[in-house]
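Let's take a tour of how some helices pack here, and of the empty space left between the atoms. Have the structure open as you read.

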Amino acid sequence: MRAIVIEDKQLIWAEAPDPEAGDGEVVVDVTAAAVNRADLMQRQGLYPPPAGAPPYPGLECSGVISAVGPGVTGHHVGERVCALLAGGGYAERVAVPAGQLLPVPPGLSLVEAAALPEVACTVWSNVVDRDRLRPGETLLVHGGGSGIGTFAIQLGAALGASVLVTARAGKHERLRALGADLTIDYQEQDFVRVVHDFTRGRGADVVLDIMGAKYLDRNVDVLAVEGRISIIGMQGGRKAELDLGKLMAKRGRVSSTSLRARPPADKARIVSGVREQVWPLVAAGLVKPVIHTTFSLAEAAQAHRLMESSDHLGKILLLR
């Protein structure tokens, strides 16, 4: 098969060994894979794949099962699926633990389905499973124009929350169309003040943050009493000072999570939750994949340059 390999921080379309379906795994012939910021970090040498994962980038894909390994039940050759991966999506074929497979949601094409697994599992596991967002609460999403952001907006709105987002001004109209109740230009506005004005001083009940260190102190400032902060990215740095007194006064909680390195059993539990609680919302049209553009797998370098510019809105896909 052919795959995208990393050589001297460059993406090269090259020959690679064919994967085999191990115990509890299937092989998926890839139709489409999505680009995530973790892929950019891997290319730069900052985010190596976990032990046992393929060396190629790609944390989600869609395609057709071409082989079923020992111990797999409930799946068959020819089945159309999408999948959460520990790596390997930038390839013609990839081996996947069966517990990380999802059906293609009704009404979506096989290509569209590739835009969902990573964002759905990340957002659901933090906003719903961990932070227990409830109807009537306020969700603040940083990076509203990203794949994570566009999905979180729709899921939060579908769950009955007020959704506030930070994003570049040029993306605001589209984000409001997705369900954002308030859009904040982080380049011109102080999101803490804007959120407190909008909520009449209450603040945000749940904050989904991709920035990390840069926003930690202000995220505590924007937090409502008994609010929850989930940090899922470090685009604004790794180290920051935390005022514990301020956090304690709000009875707040700060947690940080990653998805890629979790063991297959943990991922399978998350995938199961997404299938049960999110896929019906997708089938009902309340949550949709937001796809900015597509490239061929061989054009992965161009896709990375677009993501680095942050000029996209939603997901960037690579097509086989």
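## Where α3 meets α4

Start with helix α3, residues 117–130, and helix α4, residues 147–158, in this predicted model. Their axes come within 9 Å and cross at roughly 55 degrees. That angle falls outside the 65 to 115 degrees that count as roughly perpendicular, and α3 and α4 are therefore oblique to each other. As for handedness, α3 passes α4 in a right-handed crossing.

Which residues do the touching? On the α3 side they are Val119, Ala120, Thr122, Val123, Trp124 and Val128. Across from them, α4 brings Gly147, Ile148, Phe151, Ala152 and Leu155. Sort the residues of this contact by class and you get 9 nonpolar and 2 polar, with no charged ones.

## Where α3 meets α9

Now look at α3 again, this time with α9, residues 264–277. The axes of α3 and α9 come within 9 Å and cross at roughly 85 degrees. Angles of 65 to 115 degrees count as roughly perpendicular, so that is how α3 and α9 lie to each other.

For this contact, α3 supplies Ala120, Cys121, Trp124, Ser125, Val128 and Asp129. From α9 come Arg269, Ile270, Val271, Gly273, Val274 and Gln277. The mix here is 7 nonpolar, 3 polar and 2 charged residues. If you go back to the α4 contact, you'll find Ala120, Trp124 and Val128 listed there too.

## A cavity beside α4

How do you find the gaps? Rolling a probe the size of a water molecule over the atoms shows where empty space is left. In this structure, there is 1 cavity of 30 Å³ or more, and the largest cavity has a volume of about 40 Å³.

What lines that cavity? The residues are Ala115, Leu116, Val119, Gly147, Thr150, Phe151, Lys288, Pro289, Val290 and Lys315. Helix α4 gives the largest share of the lining, with 3 residues. By class, the lining splits into 6 nonpolar, 2 polar and 2 charged. Val119, Gly147 and Phe151 may look familiar, as they also take part in the contact of α3 with α4.

## The second largest pocket

Next comes the second largest pocket, with about 260 Å³ of space in it. It is lined by 20 residues, and the closest to its centre are Ala53, Ala86, Pro97, Pro264 and Lys267.

Which elements give two or more residues to this lining? They are β6, residues 93–97, and α9. Strand β6 provides the largest share, 3 residues. Overall, the lining of this pocket has 13 nonpolar, 3 polar and 4 charged residues.

Terms used:
Residues numbered from 1 in each chain as written. Predicted model: local features only at pLDDT ≥ 70, side-chain atom pairs only at ≥ 80, totals over all residues. Heavy atoms only, no water. Axes fitted to C-alpha atoms, helices over the stretch in contact; angles between N-to-C directions. Helix = DSSP H or I, 4+ residues; strand = E, 2+ residues; numbered from the N terminus. Parallel < 35°, antiparallel > 145°, perpendicular 65-115°, else oblique. Left-handed = near helix turned anticlockwise from the far one by under 90°. Contact = heavy atoms within 4.5 Å. Nonpolar A, V, L, I, M, F, W, Y, C, P; charged D, E, K, R; others polar. 1 Å grid on protein atoms, 1.4 Å probe; cavity = no way out; pocket = protein on both sides within 12 Å on 5 of 7 lines; lining within 4 Å. Points joined across faces, edges and corners; volume = space filled by probe spheres on them.
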